[in-house]
Amino acid sequence: MIKYNSKTREFHLYNKYFSYIIGILDNEQLGQYYFGEKIRHKETFSHLFEKKQCETPVTPSLDGKGFTLDLIKQEYPVYGTGDYREPALTIFQENGSRIVNFIYKEHSITKGKKKIEGLPSIYVNDGENAETLEIILEDEVINTKLILSYTIIENYSALMRSVKIINNSNEVLNIEKIMSLSLDLPDTNYTMMQLSGAWGRERHVIEKPLTRGITLIDSQRGTSSAMNNPFVGLRRPNTTLDTGEIIGINLIYSGNFSSVVESDPYDTTRVNIGINHFDFNWELEPGEEFQSPEAVLVYSNDGINGMSLTFHNLYKNNLIRGKYKNNIRPILINNWEGTYFDFNEEKIIKMAESASELGIELFVLDDGWFGTRNDDFQGLGDWDVNLEKLPSGITGLAEKINKLGMKFGLWFEPEMVNKNSKLYEKHPDWIISAPNRHKTEARNQYFLDLSRPEVADYVYESVAKNLRSANIEYVKWDMNRTMTEIYSHGRSFKKQKETVHRYFLGLYSILERLVNNFPNVLFESCASGGNRFDAGMLHYMPQTWTSDDTDAVERLKIQYGTSMVYPIPSMGSHVSITPNHQTKRITSLDMRGNVAIFGTFGYELNPKDLSEKDREDVKKQIRMFKQFRELMAVGDFYKIKSPFDGTETAWAMISPDKKEALVGYYKVLVDVNGGFKRIKLFGLDKNLDYTVTKIGEKKLENIGGDELTNIGLFVGNVQGHGLPEGDYYTELYHIKNLL
Ligand code: DGJ
């Protein structure tokens, strides 16, 4: 899959899906020749290297003519030598210079992929065919090596890239910017896609045509953030959900990131992604090395769904780990919206009894069970059970819930401390805060400084001691603020700009220890809902609470957007009560269930508040979910109609052998006296015949996969000319090949 031609000095990385070609240029730097659909390997691709010389600064080349860096497509551009586009690397040296020149020294091509120590990354499973190319560049003036890593796995249209820098000099180097990936593309005919939003409306799809200049997608909040996800898509303007080209770039990282998409004066596009260089600097001492997070570059010529499916399968099989990888997750009930802080053991047991009668399998006790945590002004940091509320302790409560035939799960917010807590009283310097400055609170709490090993140890032990004390089979790991006054009291003044990245190294080390020492626990990450939904967290925790917004209509957009990159089983999605607590909207139980089923299904309510009719309907809903949960865990998810393009949404989960599918159809606002509706499905086998059953109705129809693809599935209750369906209308269709 990786070929090197020593005569032409070209690397061709390819599998059946894509090609990626790099050349060593006349100036010994690396040039980017091609990234796109697979092309047949041949002796040389050197004609792809477009170079010319103009009045702008000229770099010497072997043929004596020289070329202008600003005009060529580069593999890993640096600052300051004539390329005026966004650099991937800047290094400040002891003599004050920021100029570097990394040139090719050697390379290696090996089987498999090395683990990236201390950071979440893609791994290769036994039996999978993968190859890694490491290209070693060197700057002889500062005696420093730069290692560019590329891994390609046979069955994925994806390239994993990361960068390592090794300081072999006697001086301290300040790394001011180090991108995980930089990519130069030969034209600018793209529509750019980003996943942006805010609390309660996370990862909405925003698209715009690429125009001259720079677009920055980033986070400086100390979390990957709800405002911008570490993802960028570049699609051709006519690319659709199921046809056409799109490139997707995602960073496996949970902290501050930046991604720049630049369309330059010569009609090329540069895109990069990595740790946000704003407020970042890393002092690399002699002998030390620095490793960047990993970025994933996906190519699809099968439309947006093709890109999403590659991300989904790669993340399900090669990122997410542990017992619940690719496995069905228990249906859970979480007491947060049902009780908030107002609970005691009796109330919780009653809720659990009622939930277990409905068929729910896991009870999750949310915030408020520890210390003096009776509201959100106090208690964070003191992870001992509140025996006044829960006299049997967590041990006793877990036993009681287990006796009801349910697993027991517990909420933590271990990265935080309230001012009003024993921990803060004892260790006020353990928080991220600047000397002599106001300490900004958010939700009345501060960040514990996980960049300090002693603080990270405390945080690990706070959770571990509870996990050892009771039969806890699920943990919700919450995190409810963004960083301010970034400063660590455990570090010299020159290393302060390392604090955020070191925080994440600390967090990842805690999570690594926890998942290894408690392999039976299902971890779900959460950050005020979806403020840290990223591939970094998914490496440790197979699911993330997608949003605090549980309204079914809002969830259509949130789950659709999230599915651009992240697999359906990684999205926590629960049915809650109406009027909805976030929007006050009233939707039917069917609508709420039919949206939540496309995720890790659960409930966020007090089952004692349900009417008898609703209880019966919830039982039916749970039976239905159990029928499809296997399909939901292993299936391929196809987006069919976007909630961002009108009032209809449709999507489908299709089994990998294409013999079974569940289609969700949602119509948020009714069309009065509207036309007939049909939705053309993607992903089915056109040669198979299917029985199509509308859930809740007995009627079966036999329809060919070719018909469902080309003519479509007829949806809508009355086919347009009867009584209107009303707002928030939904249907589910079960499609099955019976042969
Ligand atoms: C924010 C989370 O997103 C909620 O689900 C809930 O766990 C609260 N925190 C508890 O404080």
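**A walk through a predicted model**

Visitor: Just after H4, what phi does glycine 405 take?
Guide: Before you look, remember that this is a predicted model. Helix H4 covers residues 393–403, and glycine 405 comes just after H4. Its phi is positive, at about 85°.

Visitor: Okay, and which residues of H4 are buried?
Guide: Start with what lies over them: the cover includes helix H3 (345–358), strand S22 (362–365) and strand S23 (407–412). The buried residues beneath that cover are Gly393, Ile394, Gly396, Leu397, Ala398 and Ile401.

Visitor: Let's go to the ligand. Which residues around it are closest?
Guide: The ligand has 13 residues around it. By class, that shell is made of four nonpolar, three polar and six charged residues. The closest are Asp366, Asp367, Lys476, Asp478 and Asp548.

Visitor: How far is a ligand oxygen from an N or O atom in the side chain of aspartate 548?
Guide: Let's look at some other side chains on the way. Aspartate 366 has a side-chain N or O atom 2.7 Å from a ligand oxygen, and lysine 476 also has one at 2.7 Å. For aspartate 548, the distance is 2.4 Å.

Visitor: And how much of the ligand's exposed area does the protein bury?
Guide: Picture the ligand on its own, where it exposes 290 Å². Put the protein back around the ligand, and the share buried is 97%.

Visitor: Is lysine 677 buried or exposed?
Guide: Lysine 677 sits in strand S34 (residues 677–679), and its side chain makes a polar contact of 3.0 Å with that of aspartate 671. The relative accessibility of lysine 677 is 14%. Since the cut-off for that class is under 20%, lysine 677 counts as buried.

Visitor: Which residue's side chain makes a polar contact of 3.1 Å with arginine 236?
Guide: You'll find arginine 236 in the loop between strand S14 (231–235) and strand S15 (246–252), and at 17% relative accessibility it counts as buried. Leaving out residues up to four places away in sequence, arginine 236 touches Asp187, Asn189, Tyr190 and Glu245. The 3.1 Å polar contact is with glutamate 245.

Visitor: Which residue stands opposite threonine 693 in S38?
Guide: Strand S38 (residues 729–736) is mostly covered, with seven of its eight residues buried. S38 pairs antiparallel with strand S33 (residues 660–667) over eight bridges, and four bridges join it to strand S35 (residues 689–694), also antiparallel. Leucine 662 stands opposite histidine 734, and the residue opposite threonine 693 is histidine 734.

Visitor: Is the peptide bond from threonine 578 to proline 579 cis or trans?
Guide: Look in the loop between strand S29 (571–576) and helix H10 (589–596), where proline 579 lies. Omega there is near -5°, and the bond is cis.

Visitor: Is asparagine 436 buried or exposed?
Guide: Asparagine 436 is in the loop between helix H5 (422–426) and strand S25 (445–447), and its phi is near 60°, a positive value in a residue other than glycine. Its relative accessibility is 79%. Because the cut-off for that class is over 50%, asparagine 436 counts as exposed.

How values were computed: Residues numbered from 1 in each chain as written. Predicted model: local features only at pLDDT ≥ 70, side-chain atom pairs only at ≥ 80, totals over all residues. Heavy atoms only, no water. Near = heavy atom within 4 Å. Polar contact = N/O pair within 3.5 Å; in protein donor to acceptor, adjacent residues only side chain to side chain. Areas by Shrake-Rupley, 256 points an atom, 1.4 Å probe, with all protein chains shown as cover. Nonpolar A, V, L, I, M, F, W, Y, C, P; charged D, E, K, R; others polar. Buried < 20%, exposed > 50% of the residue type's maximum accessible area, 1.4 Å probe, protein only. Helix = DSSP H or I, 4+ residues; strand = E, 2+ residues; numbered from the N terminus. Pairing = 2+ DSSP bridges. Contact = heavy atoms within 4.5 Å.
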